[in-house]
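Colleague: I would like to go through this model with you, one region at a time. Please keep the answers short.

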Amino acid sequence: MFQSLDRIYIYNTNNQSFEILEARTTRAEILEVDNKVYFQKIGQGIFTIEYGKSVLVSDHQVLKNDVVVGAFSVNKNSLILTEKGEFYFLELKGLKRWNISADIELSSVNVYSSVRLNDGSFVLGTISNGIYHLDKDGSIINHINQEKGLNNNTVLSVFQDDEFNIWLGLDNGISVMNLKSPFNEYIDHVGKLGVVYTAVLFNGFKYLGTNQGLFYKKEGEEGNFKLIENTEGQVWLLKQIGDTLFCGHNSGTFTIYGNYAKKISNLPGTWDIQPVKSHENLLIQGNYKGLSILEKTNGQWYFRNKIEGFDSASRFFEFVNSQHILVNHDFKGIFDLKIDTGFGKVLEVAKKDSKGSGSSLMRYNDKIIYTTTNGVFEYIQEQHDFIKDSLLTKRFFKEDDKIIGILRTTDDSEMLWGFSNKNIICVSPGQFNEEPKDIRIPIPMFFRKSMGVLGFESITYLKDELYLIGISNGYVTLDLNKLESKKYKISISSVSIEFHDDTKREVRFKEDNEFKFAENNLSFFYNIPEYDKYTEVNYQFQLGGIYDDWSSWSTNPQVSFNNLPYGDYIFKVKARVGNTLTENIASYKFTIARPWYVSHLALFFYIIGAILISALIHRLYRSHYNKQQQRILKDNKKSIKRKKLKAEKKIVQVKNAQLQELVESKNRELAISTMSIIRKNEFLTAIKNELKESDQIPKVKSVIRTIDRNINNVDDWKLFEEAFNNADKDFLKKVKNLHPQLTANDLRLCAYLRLNLSSKEIAPLLNISSKSVEVKRYRLRKKMNLLHKDSLTDYILQL
């Protein structure tokens, strides 16, 4: 059946025919009650359908004028809801108003949609004020609007699914309410509350201690929390001792009476307050600067004294006995204090080293527990030390899920709580043995991050297995009664092919899933139908045939594979919902076909081509090697020829060396000959000079003449000339060619100068004085036309 604003269309699924009923209305709403269909015609009343015809049920004035938005079966009676939020029972005599406690609040809203839930309660969707949840007696359970989490205040449709989630079709989007979730949020969107550190239910009030102050409202009351006057600042503690509620504040200590706070201590920073068992009228409190005492006088609590002798911050402390106290400091370690019986001063202080950071100290199951990031330790009084508790450490420090922050106990010290990135961990004593019992409540990552400053996590017992957890902008309640284990199945919802131009094409599921090679970019979408906000689903996948290892856990419900090579594949995916693995592993088999260039026909041609190319290459190689062989032979011939030339050159060098030696030998002979003539002439000249002194004797003159003939002996010159020509055979010819005007004596002087002889050495050879040799040298320069600056000897040596 389909309804428009003018008519109802009835579609017969057997013969695929339509029937049309006129039903003009301002709100298209088909109402089904006890297998009967009702609809409204404005100005006429409520009708039902019998045998395909519209039949009037009631034309009451309310049903004619007011828009009906819901109809329900209550105790076999039909209950009608109008847009004014009024309920009427439809009876034979007419309408009967159902008066409920919610009438006053509903009178100011415009109801647009409604549904009756499985538990008999009602959810009403309004035009501008969100939804109202009424119990089966008509009392308001909850009112949720945009301020409290909806996307929009206009609720156009309401639906309850099989898991009791409430789906709201809004004017802007869809919202879902998890009614069966153990978690319930109170979010302060305005930012008035701040970070909630502690809470308590006391005398009908719910109190919240935050970093903005102490807030309160009556238990079960709608509306916002109110700040108690003069409590602005940091509230660390709310604790009921006897019939008194104490508030530990950064400015001191207060006692709370309804909406009034009375300050009883000005010592700043009260972390904790505990009774002194040996003195019923005394309380001990830990603060920023140590420990102090409160005393009850005339039924009222007052500050009595600060315990002297200890000034360290005392956030965590516990009694070992009436005069023995342990105080934990996160950085300094554990202080072991002995206090006098009057609780006035510390008598003895012993210090124990810290066993790690992120520490806390508390009493659990009548044991003093000290916890750090390195584990949980129990105080053994006989040993005066902390020993690791392996059972508790095992519960809170699993390899893949360790607590972050501190442990907390409830007021009765019977339950121990810790928070990891994945779970809230609750440990309680074993019922039949010492083995502790633990509950791991899975949480999403965003919830752990919302809990504010690390080390200041808070969880407070309220009532009936209900606990309050403080977060950075409000709080979340945890109802352990609503915890339940569920089984889940995962399915692959769709497979799509992605192309390079960013287009996608969804693939139909079939047994033979073969894709062309050009379709090798595949995306897989998978899911588990779980819509609880605080239930996180993680997925793990594997692509057999290329990636045989399972991927890391991820919250992303899809994965893409690009440029897959051809072959057979099987895609597998499993999921973990909280701590629970799915019962199944969803899989999808598919094949990527070979590309045309590696098809069997292509491979055949490749083989033929390879054979032809191999033959061609073989032929080219043979030709290449033949050419290379010819080139090697040619190079060898050239090499032999070069070696032969080198050998001939070496022979020439040897001959030149021999000739050089011969020249040098001739030069030595020439030098010896020249020096011999020089010495002979010098000797004869000396004798001649001595004989001249007695030249009056005729025979002496004959001897002098003989000496002159020997000094100027032509044979000596010829002997010298022959030796000189052997040593430098071209010199005299070259000089004659360059200077044909030179005489024999000039040539003789040139030869002596060629030997680089000095004028003094040349004089005996020419049988003249050295001065005469200089004159000859001067004349020779003129004949050779040498400039004044030119050296005669250098010129002759360079020829």
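Colleague: Which residues are buried in H9?

Modeller: Bear in mind that this is a predicted model. Helix H9 covers residues 744-754, and nine of its eleven residues are buried. Buried here means under 20% relative accessible area. The buried residues in H9 are Asp-746, Leu-747, Arg-748, Leu-749, Cys-750, Ala-751, Tyr-752, Leu-753 and Arg-754.

Colleague: Which residue takes a positive phi just after H9?

Modeller: H9 ends at residue 754. Just after H9, the residue with a positive phi of about 60° is Asn-756.

Colleague: Now the strands. How many residues of S44 are buried?

Modeller: S44 spans residues 423-428. Asn-423, Ile-425 and Val-427 point one way, while Ile-424, Cys-426 and Ser-428 point the other way. Both sets are buried. The strand is therefore largely enclosed by the rest of the structure, and the buried count is six of the six.

Colleague: What is the bridge partner of Gly-418 in S44?

Modeller: Strand S43 (residues 416-419) pairs with S44 in the antiparallel sense over four bridges. The two strands form a hairpin with three residues between them. In S44, the partner of Gly-418 is Ile-425.

Colleague: Which residue in S45 stands opposite Ile-424?

Modeller: S44 also pairs with strand S45, residues 437-442. That pairing is antiparallel and runs over six bridges. Opposite Ile-424 in S45 stands Ile-441.

Colleague: On to S26. How many of its residues are buried?

Modeller: S26 takes in residues 252-257 and is mostly covered. Of its six residues, the number buried is five.

Colleague: Which residue in S26 is the bridge partner of His-249?

Modeller: Strand S25 (residues 244-249) runs antiparallel to S26, and five bridges join them. S25 and S26 form a hairpin with two residues between them. In S26, the partner of His-249 is Gly-252.

Colleague: Which residue takes a positive phi in the hairpin of S26 and S27?

Modeller: S26 and strand S27 (residues 260-265) pair in the antiparallel sense over five bridges. One bridge pair sets Thr-255 against Lys-262 in S27. The hairpin has two residues between the strands, and the residue with a positive phi near 60° is Gly-258.

Colleague: Is Asn-513 buried or exposed?

Modeller: Asn-513 lies in the loop between strand S50 (504-507) and strand S51 (514-515). Its relative accessible area is 6%. The cut-off for buried is under 20%. Asn-513 has 6%, so Asn-513 is buried.

Colleague: Which residue's backbone oxygen does the side chain of Asn-513 reach?

Modeller: Not counting residues up to four places away in sequence, Asn-513 touches Arg-508, Tyr-588, Lys-589, Phe-590 and Thr-591. Asn-513 and Thr-591 are 78 residues apart in sequence, yet 6.3 Å apart in space, C-alpha to C-alpha. The side chain of Asn-513 makes a polar contact with the side chain of Tyr-588 at 3.2 Å. At 3.0 Å, the side chain of Asn-513 reaches the backbone oxygen of Lys-589.

Colleague: Last, the interior space. What is the volume of the largest cavity?

Modeller: The count comes to one cavity of 30 Å³ or more. The lining of the largest cavity includes Gln-3, Arg-27, Phe-39 and Val-68. Its lining residues divide into four nonpolar, three polar and two charged. The volume of the largest cavity is about 50 Å³.

Conventions
Residues are numbered from 1 along each chain as its sequence is written. This is a predicted model: local features need pLDDT of at least 70, side-chain atom pairs count only at pLDDT 80 or more; totals for chains, interfaces and linings use all residues. Side-chain values use heavy atoms; hydrogens and water are left out. Buried means under 20% relative accessible area, exposed over 50%, partly exposed in between (1.4 Å probe, protein chains only). Contact means heavy atoms within 4.5 Å. A polar contact is a pair of N or O atoms within 3.5 Å; within protein, one must be able to donate a hydrogen and the other to accept it, and residues adjacent in sequence count only if both atoms are side-chain atoms. On a 1 Å grid over the protein atoms alone, a cavity is a set of points where a 1.4 Å probe fits but cannot get out, and a pocket is an open set with protein on both sides within 12 Å along at least five of seven lines; lining residues have an atom within 4 Å of a point. Grid points are joined across faces, edges and corners, and a volume is the space filled by probe spheres set on the points. Ala, Val, Leu, Ile, Met, Phe, Trp, Tyr, Cys and Pro count as nonpolar, Asp, Glu, Lys and Arg as charged, and the others, Gly among them, as polar. Two strands pair if DSSP finds at least two bridges between them.
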